[in-house]
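Dear colleague,

I am handing over the structure below, followed by an account of what was found in it. Please read the notes with the model open beside you.

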Amino acid sequence: MRRGAPQDQELVGSGAPGRGSRGAPPTLGPVIPVLVFPPDLVFRADQRSGPRQLLTLYNPTGAALRFRVLCTAPAKYTVFDAEGYVKPQSCIDIVIRHVSPIPSHYDVQDRFRIELSEEGAEGRVVGRKDITSVLRAPAYPLELQGQSNAMPHPGPPSRTSPPTARHLPEKSHSQLATSSFLLFLLTGIVSVAFLLLPLQDELGSQLPQILHVSMGQKLVAAYVLGLLTMVFLRT
């Protein structure tokens, strides 16, 4: 099998994992970079909300592009918004959920393919990117995780601490969480503002030249925005 080419390309979506469309691959047109984050997907079987990952796709061109997500094992995943369009110089978040986190699937490597094509029903494929996906086993067996909370810890009973000593850590933890949330929120607002600003060589903009940004700055802003989105989904 050739490396980098999924052996069973099927479109997976949020409706029914495993159903998809087959057919001859479209003709590859002029290649453009496919900017996705993260470059590899690592699912954890012990994730609280279920094994899932967020894939951020960015369109650096000046035209809308059609995208679709292919997978070598569509029965194991559900992809929300598996196909659609990305607006020019914008990004879109794709949620991928592992629906079969069983021990036989631990450390088995699957592959996803992101295809970009020109807008239209028969648009040429202008970019492809393959990313690997793997499901990691829990750090501790699930049986032991449930027993560790139920079993009492041996040892002499501890004295009840004074009310002031008990509430001080809770207050400091609440202040730290509020500060972190405000910092993430401010960083997200700045990233969105950078994505909305015009490029340096863009004509017809009414904004002053000092507010025009470069393509590299937009890519960094999209990367940071994707990181923040992953943090919010995991908390």
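To begin with a single residue, E115 has a relative accessibility of 3% and therefore counts as buried, and please keep in mind throughout that this is a predicted model.

**Salt bridges around strand β9**

The buried E115 is paired with R128 in a salt bridge whose closest N and O atoms are 3.2 Å apart. Since E115 belongs to strand β9 and R128 to strand β10, the pair ties together parts of the chain that are 13 residues apart in sequence. Unlike its partner, R128 counts as partly exposed, because its relative accessibility is 32%, whereas E115, at 3%, is buried. The pair is also part of a wider arrangement, in which R68, E115 and R128 are linked in a network of salt bridges.

A second link involves R113 and D130, whose side chains meet in a salt bridge with an N to O distance of 2.8 Å. R113 lies in strand β9 and D130 in strand β10 (residues 125-136), so this pair ties together parts that are 17 residues apart in sequence. With a relative accessible area of 9%, R113 is buried, while D130, with 25%, is partly exposed.

A further salt bridge joins D110 to K76, and here the closest N and O atoms are 2.8 Å apart. D110 sits in strand β9 (residues 109-118) and K76 in the loop between β5 (65-71) and β6, so the parts tied together are 34 residues apart in sequence. Both D110 and K76 are buried. The count for the model comes to 8 salt bridges, among them the three pairs described here.

**The open sheet**

How many strands make up the open sheet, and in what order do they come? There are 4 strands, in the order β2-β4-β8-β6, and their pairing is antiparallel. The edges are formed by β2 (35-37) and β6 (77-80), each of which pairs on one side only. From one strand to the next, the twist averages 25°. The antiparallel connection between β2 and strand β4 (residues 52-59) consists of 3 bridges, and V36 has L57 in β4 as its bridge partner.

**Backbone points to check**

Most residues other than glycine have a negative phi, and most peptide bonds are trans. Against that background, three places may merit your attention as you go through the backbone. The peptide bond from F37 to P38 is cis, with omega near 0°, and P38 itself is placed in the loop between β2 and β3 (41-44). D81, although not a glycine, has a positive phi of about 60°; this residue is located in the loop between β6 and β7 (83-86) and is partly exposed, with a relative accessible area of 49%. Q89 is likewise not a glycine and has a positive phi, in this case of about 55°, and its position is in the loop between β7 and β8 (90-98).

**Cysteines**

A search of the whole structure for disulfides finds 0. As for individual cysteines, C71 has a relative accessibility of 0% and so counts as buried, whereas C91 is partly exposed, with a relative accessible area of 27%.

**The annotated transmembrane stretches and T229**

The unreviewed UniProt entry carries the annotation "transmembrane region" for residues 176-197 and 209-233. In the model, the chain over residues 209-233 is 76% helix and 0% strand, and the C-alpha atoms at its ends are 36 Å apart.

T229 is placed in helix α3 (residues 215-234) and, at 22% relative accessibility, counts as partly exposed. Which residues does T229 touch, once its neighbours within four places in sequence are left aside? It is in contact with L54 and D93. In the case of D93, the separation from T229 is 136 residues in sequence, while the C-alpha to C-alpha distance between the two is 8.7 Å.

With kind regards

Terms used
Residues numbered from 1 in each chain as written. Predicted model: local features only at pLDDT ≥ 70, side-chain atom pairs only at ≥ 80, totals over all residues. Heavy atoms only, no water. UniProt positions renumbered as here; feature names shortened; annotations may be inferred. Helix = DSSP H or I, 4+ residues; strand = E, 2+ residues; numbered from the N terminus. Disulfide = S-S within 2.5 Å. Buried < 20%, exposed > 50% of the residue type's maximum accessible area, 1.4 Å probe, protein only. Contact = heavy atoms within 4.5 Å. Pairing = 2+ DSSP bridges. Axes fitted to C-alpha atoms, helices over the stretch in contact; angles between N-to-C directions. Salt bridge = Lys/Arg side-chain N within 4 Å of Asp/Glu carboxyl O.
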